[in-house]
Every structure is written in structure tokens, then in C-alpha cells.
Amino acid sequence: MINQQIPAAYKSNKRPAVMSSTHYRTCHLCETMCGIAVEYEGDKILSIKGDPNDVLSEGNICAKATGLQDVHTDPDRLKRPLRKINGEWQEVSWEEALDYAAEQMVKTQSQYGKDAVGSYCGRSTAHNVGALLGVAPLRKILGSKNIYTGSTVDQMPHNFVWHFMLGHQFFGTVPDINRTHYYLMLGTNPRVSNGAMMSTGANPQRKFVDIHKRGGKTVLIDPRRNESASHVSEHHFIRPNTDALFLIGLIKTIFAKGLATPGRLGSHIKGWEVTKNLFDDFEINDISEVTGIPVEVIERIALEFATAESAICYGRTGVSMVEFGGLCQWLMQVVNIITGNMDEPGGMMFPNTAIDSLSLSESSWDRYRSRVSSRPEFSSELPLCVLAEEITTPGEGQIRGLIAIGGNPALSMANGKGLEDAFDQLDFMVSVDPYLNETTQHADVILPPVGPFEKSHYDMYYHLYDTINWAKYSPRLFKPEGEGYTDFEILRELFSRILVLRAKNPLSKALVNTATSLVKKVITPERIIDLGLRFGPYGPGLNPFKKDALTLQKLKDNPGGVFLGDLERCLPERLFTKDKKIDLAPEILVSDLPRLKARFIAPLKQGSSKDSSEYDLMIISRLTSRTLGWMHNSHRLVKGKSVCHLLIHPEDAATRGITQESTVSVSSVVGSIELPVEITENIMPGVVCMPHAWGHNRPGTRITVAEAHAGVSLNDITNEKVIDELTGNAVVHGIPVKVEVTRLATA
Ligand SMILES: Nc1nc2c(c(=O)[nH]1)N[C@H]1C(S)=C(S)[C@@H](COP(=O)(O)OP(=O)(O)OC[C@H]3O[C@@H](n4cnc5c(=O)[nH]c(N)nc54)[C@H](O)[C@@H]3O)O[C@H]1N2
Ligand SMILES: Nc1nc2c(c(=O)[nH]1)N[C@H]1C(S)=C(S)[C@@H](COP(=O)(O)OP(=O)(O)OC[C@H]3O[C@@H](n4cnc5c(=O)[nH]c(N)nc54)[C@H](O)[C@@H]3O)O[C@H]1N2
Ligand code: SF4
Ligand SMILES: [Mo]
């Protein structure tokens, strides 16, 4: 166990002696949760490196962490609230900005009802303990059904499947990558993303080397030979959106060859017999034709998977933000379960987090529906694909005000431009965000939280995806200059102001004021974290003498985190289903199979599978290793050659007269963008690919570095109307497009 000294953080306004010190914390940029060592002198950061003593990442980090140094000093990062007055931004006091925001929310709700004020949270909320703890009570008192998050343009199909199979949206399976012998990956690029919904520290490909060393195998299924492909045993192209069929091919083969075995969990699985016969309508030759993967490859992978000592079938955004995201996530679990790899070392397992965030969160389906297109709620959220229509469609319950926290949906949501138009129709919009960017420019008031080193950190959410059991807390390093508010403080201030404004008379106002002031003093993120740890599985509970029990103090004493053990078997006890059984064939998922059949198999049988539409290519997204959405304002991350170009196969380029120097237009039914190309055999014929989260060319933003490296936004041409009909998740991969040359270089 490591026991480093707590770094000498600012405890008062006094500057430390001019001598560098090192501060240890978690990089909060992505779910990989790497440990960083921040060397600093006074309030200056000198370097950001990997922390070799970090329990999870052991010194591994990626380039993006170094960009945090730029965020710390970024002159564009807002330090004071902005308010739009007569169309012009003006810096205003916190008092004025918070009062204004709270008044607008109260006024709108009292005039038009609770649902008239919506909320949206992006990814910077999930990576932010203060925002997570602050937004929950705010949503409660707002009482609006219009709750939206970035989850529905991301991982909602995973949550959906866990809800129906295991009983809770967050009771999620995590690949036991440290012990597996066969790692089958679909639609993920760990070399660049560093692993998603499976936190193992940066450079997860080092774990592939270990798998190969123990005689195991790694297999990647992806329409692009992505950056991870050269690190795996084999890669196969697949036609976008068809993975559900590939998975059906695996399942059919496993059953047909008599290799299905429920293992230890046999009596705790229901739906086994039903599952066996579910896929009779899908023939392996058809599957091969549609997916583009030869029959013998499908059958061989099935055989290898089922007979491996341990195996994992895992897939991420490439099999989530697609038209059959829910089916893909379900079928992957079926593959794991019927081969006895569920809740077994080297298979899919469940972390036991230090704070039991599962018992603090809810899981529900279809208790109510969205007003305009009747989409079901999932765990109190409506899908982001209906936000624009809920704002623009008149009628009772129309959204007239919005609070948007830590997300940039103008670039990250399908048809971002359409969403921007909708924002402009709101009576008011409040943004809790440190930048004046493509989304926040539509707000009436921006409430900027303090910088990344000016607040403490605990991964309340992402520990749910740990590949080992561990916990880590990072204190704040710097005291903010002047009057700085953390996300927690901003949301808490809005919460108390709304309560005070709602009080009916001066006496109740005074009472509410006193009560909220008292609560403010007592309730801090640190107190909540400490309580969560104390009453979590490793805490002392009510026994103050329990030896080695986990408390916040213990985490403070171990800045590299505390190791709490390898993942352990926990089923059936921890199942959240009422009957304590895993549902292998939930009806709602089974009933989506005809949609899959109608989409791919029926046209094949009718001989009409070839698309004759002018939109004859499919576009998919990619991430780039040095960047991440909102970090495009970091000079050290975006400098050098632009990454915003379109990958196209030589055959597709040739038929369109495209050369390496061309600029092309990419058009869909929604819109058109223009960008340079890279002709490469690393993309499947018929598919093109570009990064998302670019397009910093909108007027009215104040992100100087990003504007100078603008690129174009992929989500200007994706379509919010194309969704996974089952889960409501947005579709950003496999969008039909047309590509044409607009310019050939003359040089
Ligand atoms: N550098 C960097 N790292 C990040 C982030 C970032 O912005 N930048 N973001 C973080 C976040 S929020 C997330 S959610 C994760 C995402 O983590 P990943 O899902 O691992 O990352 P992606 O690169 O989006 O990988 C998706 C892959 O799916 C493929 N794909 C597209 N369509 C299909 C399909 O129909 N079938 C199959 N089989 N594959 C398909 C794409 O070619 C791509 O290789 O990354 C995290 N890490
Ligand atoms: N086409 C396409 N679209 C995609 C994807 C794709 O692969 N392809 N991926 C999807 C995925 S997986 C994700 S996660 C989303 C990401 O999309 P978003 O959730 O929109 O994430 P970002 O674009 O990074 O925007 C983050 C916002 O948080 C703000 N911010 C930064 N730090 C803080 C803070 O401490 N507090 C607060 N309150 N705000 C802060 C930033 O200024 C920025 O406005 O995009 C999705 N959209
Ligand atoms: S992979 Fe990179 S961005 Fe993600 S937590 Fe690690 S260092 Fe930070
Ligand atoms: Mo994400």
C-alpha cells in the first residue's frame, strides 16, 4: 500500500515558498481516471506527468492530461459570470447572475408549469463530483419531466440492457481484462479512447500484450482498421450498424455446436430455452452477406470464444450509437452468459465500489412519455433526440427555459445546428460552463465554475466501471482567485434561491433562508463522500473501531488511491431483479428482433439490399488521441497538422475523382460540410470516417485557440430523427452520405 505525503496545497492565501512541489490527483478528463503528478511552483504549473504510484494507472497517462495546464492558465476561461444584455455579453457579479437565473426559473415555472423548465447535463457533469451532487437536488425541486443528459448520445443502450437483464441501469458488467484469455471487442478504439466503461488507466493496449503472453487472443470488429488494430491478434471489417447480426451468428453457432453452458449461474438464469430458438429466422449465410464477415470467420470466433479458458465480448460506442444499439448490447451479454463467462474471473465482472452509488440511484422505464413524440422515459430521463422538438412545439408543457450544465450539444448532439436553432427560441437559458462556446453562446447567463485544479475530485460515477476495486480522492490544489464558485456551490446557490423565491411570505422566506444557510455550512461534497465511504462496503459503518476501514481521511493519506481487491464473483446475491435471476431474453429486447430482420434480412430476400439512394456511403465517427471535445482550446493539444479530415477508401475515392489533395463536400439529408480527405485502405469500402466535436467556426464564441483550429462539425450532418428506436439513443455512426469533390489542390 502506498502512503505518500499529502502535497502542500494552498491552505491559505499565503503563497508557498518558491520551490516546486508535487500534487497528486486524478485526471478527470475521461473515465480512464489516470493518476497525474502535477509539479507546481506558487500558482504556476510546471509539468503534468503520470503518477507511478497511482493504484490503477501506474504512471500511464495520455497527452490530453498535459492540456490541463493550458486550461489552468487559459485567458478564455471565464472567471466571472456573463449576462447577455441587449445582445451584448457583460460581466456581472455572482449575486446578480445567480439571482437572475433563479428568478427566471421560478417565474417560468409559476407561469407555465414545472415541465416548462428543462435541464441538460453533458459529460463534464459526469466527471465532476460537485456537479453530480449539486444537480440531483436541483432537479428534484424543479420537478420537471424534461431531464436530458449526454447519456442518450452515448451509452444509454448499455444502461437499458443492464436494467432489463440485471435489474438496475448502473449494475454494469466490466471486462476483467487483467485475467482474460480471449478479448473480443466491437466498435471501440482503446488505443485512442483508452478504454470506455472499463477503467484501467491509459494505454490499455499494454493489457493486450499480457493477454497474448498468457496464450490468449484479442479480436477487434470495426468498419475501420483503427489505431487499436495493430495491437490485436486479428481485426475484421464489419459493415456499420450490422453487429447485432454478427452477434446472432456467434450465438447460433455456439448453440448449434453444443458449446453453450451456463456454468455456475445455471439455476439463476431464466429464458435459456427461449433464447436457443430466438434466431431461427437469421441464417448464417445471410448474416455473412450483410455484415461482410465470412461464415468461417464467424464460426471460428464463436468456437474460439466458447472454448477459451475465459472470454469477454465487449463493445462500446460503435455498437451503442447505432440503430440497433440496444440489441447489440443485449446480444453481447448473451454471448458472455451462454459461454459461462458472466461473473467469472477473466469474463465480465462487477466492481464493488467504495461508495455504493447504485443504492443511491434509480432505474425505471416508461413511467411517462415525452410530450411531442411519445418517447418513454428511462430512469427519469428523456432522450436528447426529443429536446429540440420539446422546445419548438407549442402547447402545454413546452420547454421555455433550460439550464445546461457541462456539455456542448451544439457540437456533440446529432443535428447540433437544429438544437442551436431551438435554443434561440427559449425564453431563457442558463449555462453552467467555464467557456463561451457553441452552446453557451445561446444562453442568457453563463455561470462559470472554477478551474480543474481549484476543486476536489472523487469519481462518484466512473468507479462503477473499475477493472479493479479501488478508491481515490484528490483535494483541490489551488484556491481560486477572487470569488470563485465550484459547480457544487453554483448549483447549491440556485437551489436555495429557488426555495427562497418560492416562499409565500416574508416569514417563510426568512425561515427558508436560515435553513438553507445552515444546510450550506453542513453539507459539502467532502462530507457526502466521507459518509458514502463510511457506510459503503469497506467503511467502518457504525463501528468506529473497525480496523483499516475506509474513510475520507484514509484516502487523503493515500494520494495514489487505495487498492481494495480484484473483482470478485457476486451473483446471484447482488442481482437487482426481483426474482434474483438474470433475464437472458427480456421481452422488450426480443421484440426488437423483427425490426432487425425487416431492416437487413427482408431486403436481402427480396433482392433489394443494394442501396440505390444518392447517399451511397456511410459515415462513422472517430476520436483523435490528443483531443477531446472541450479541450480544443488547449494550444498544446491542437497544435500541428489538423486532424479534421475525411478517411475514404481508394476505390471510393477513385470513382469520385477524389485525390489525396482534394477537398470534398459530405452531404446528408440534414446538411453539408466541407473538409480535406485522407485516402486510406484502413477504412472499409463504402464507409467514410471523420472526427466529431470540431466546427468551432460559429460566430459569437470566445475560444480563441479552438477558433483558429476550427474544423467542421460532423453533427451538422447527423440526424436527430434517426435513433435506436428501442432505447431512443442518438445514432451518429452509419449515417448515409454523399461525397463529392469541391476542390482539387492546384499546387
Ligand atoms: N482521445 C479521446 N479519448 C476519449 C474521448 C475523446 O473525446 N478523445 N472520449 C471519451 C468518451 S466520452 C468515450 S464515450 C469513449 C469512447 O470510447 P470508444 O468507443 O473506444 O471510442 P471510439 O473511438 O468512439 O470508438 C468507436 C469505434 O467504433 C467504430 N464503429 C463505428 N460504427 C461501428 C459499427 O457499426 N460497428 C462496429 N463494430 N464499430 C463501429 C469506429 O470506427 C471506432 O473505431 O472515449 C473516451 N476517451
Ligand atoms: N458524431 C458523434 N457525436 C458524438 C460522439 C461521437 O462519437 N460521434 N460521442 C458522444 C459521446 S460518447 C459523448 S461523451 C459526447 C460528449 O459531448 P459533450 O458532453 O457535449 O462534451 P464536450 O463537447 O466535451 O463538452 C463539455 C462541456 O463541458 C464544459 N466544461 C469543462 N469543464 C467543466 C466543468 O468543470 N464544469 C462544467 N460545468 N462544465 C465544464 C466545456 O466547456 C464544454 O462546454 O459526444 C457525443 N457525440
Ligand atoms: S486517458 Fe488521458 S485524458 Fe483519460 S484520464 Fe488518462 S490521462 Fe486523462
Ligand atoms: Mo462518452
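Mentor: Contact here means heavy atoms within 4.5 Å. The model is predicted. Start with helix α5.

Trainee: What covers the buried residues of α5?

Mentor: The cover includes strands β13, β15 (365-369), β16 (376-378) and β24. Helices α12 and α20 (587-590) are also among the covering elements.

Trainee: Why is α5 called largely enclosed?

Mentor: Buried means under 20% relative accessible area. In α5, 11 of the 11 residues are buried, so the rest of the structure largely encloses this helix. The buried residues run from Met156, Pro157, His158 and Asn159 through Phe160, Val161, Trp162 and His163 to Phe164, Met165 and Leu166.

Trainee: What comes after α5?

Mentor: Glycine 167 follows, with a positive phi near 100°.

Trainee: How do you know that helix α10 is largely enclosed?

Mentor: Count the buried residues again. Helix α10 covers residues 284-291, and six of its eight residues are buried, so the rest of the structure largely encloses it. Those buried are Ile284, Asp286, Ile287, Ser288, Val290 and Thr291.

Trainee: Which elements do the buried residues of α10 pack against?

Mentor: Three helices: α8 (243-256), α11 (295-307) and α21 (593-605). After α10 comes glycine 292, whose phi is positive, near 85°.

Trainee: Helix α21 came up there. What makes leucine 596, which lies in α21, buried or exposed?

Mentor: Set the value against the cut-off. Under 20% is buried. Leucine 596 has a relative accessible area of 0%, so it is buried.

Trainee: Which residues is leucine 596 in contact with, leaving aside its neighbours within four places in sequence?

Mentor: Ala244, Leu245, Ile248, Phe282, Phe324, Leu327 and Ile601. Take leucine 245. It is 351 residues from leucine 596 along the chain, yet their C-alpha atoms are separated by 8.2 Å.

Trainee: On to empty space. How many cavities of 30 Å³ or more does the structure hold?

Mentor: Nine. About 110 Å³ of space lies in the largest cavity. Its lining has 13 residues, and those closest to its centre are His158, Thr173, Gln329, Gln333 and Met348.

Trainee: What makes such a space a cavity?

Mentor: A 1.4 Å probe fits there but cannot get out, so the space counts as a cavity rather than an open pocket.

Trainee: Which elements give two or more residues to the lining of the largest cavity?

Mentor: They are α5 (156-166), β13 (312-315) and α12 (325-338). Helix α12 gives the largest share, four residues. His158 ties two topics together: it is one of the buried residues of α5, and it is among the residues closest to the centre of the largest cavity.

Trainee: How does the lining of the largest cavity divide by class?

Mentor: Seven residues are nonpolar, six are polar and none is charged.

Trainee: What takes up the space of the second largest cavity?

Mentor: Ligand 3 does. About 80 Å³ of space lies in that cavity. Around ligand 3 are Cys27, Leu29, Cys30, Thr32, Met33, Cys34, Ile61, Cys62, Lys64, Ala65, Asn194 and Ala202.

Trainee: How does the shell around ligand 3 divide by class?

Mentor: Nine residues are nonpolar, two polar and one charged. Lysine counts as charged, and cysteine counts as nonpolar. Lys64 is part of the shell. The lining of the second largest cavity also has nine nonpolar, two polar and one charged residues.

Trainee: Now the backbone. What makes the phi of asparagine 241 worth a look?

Mentor: Most residues other than glycine have a negative phi. Asparagine 241 is not a glycine, and its phi is positive, near 80°. The residue lies in the loop between β11 (234-236) and α8.

Trainee: Why is asparagine 241 called buried?

Mentor: The cut-off is under 20%. Asparagine 241 has a relative accessible area of 4%, so it is buried.

Trainee: Why is lysine 580 called partly exposed?

Mentor: Partly exposed lies between the 20% and 50% cut-offs. Lysine 580 has 35% relative accessibility, so it falls in that class. Its phi is also positive, about 55°, although it is not a glycine. Its place is in the loop between β23 and β24.

Trainee: Which other residue lies in the loop between β23 (562-565) and β24 (582-583)?

Mentor: Proline 572. Most peptide bonds are trans. The bond that joins leucine 571 and proline 572 is cis, with omega about 5°.

Note on methods. Residues are numbered from 1 along each chain as its sequence is written. Chains are lettered from A and ligands numbered from 1 in the order in which they are written. This is a predicted model: local features need pLDDT of at least 70, side-chain atom pairs count only at pLDDT 80 or more; totals for chains, interfaces and linings use all residues. Side-chain values use heavy atoms; hydrogens and water are left out. A residue is near a molecule or strand if one of its heavy atoms lies within 4 Å of it. On a 1 Å grid over the protein atoms alone, a cavity is a set of points where a 1.4 Å probe fits but cannot get out, and a pocket is an open set with protein on both sides within 12 Å along at least five of seven lines; lining residues have an atom within 4 Å of a point. A molecule sits in a cavity or pocket if more than half of its atoms lie within 2 Å of its grid points. Buried means under 20% relative accessible area, exposed over 50%, partly exposed in between (1.4 Å probe, protein chains only). Grid points are joined across faces, edges and corners, and a volume is the space filled by probe spheres set on the points.
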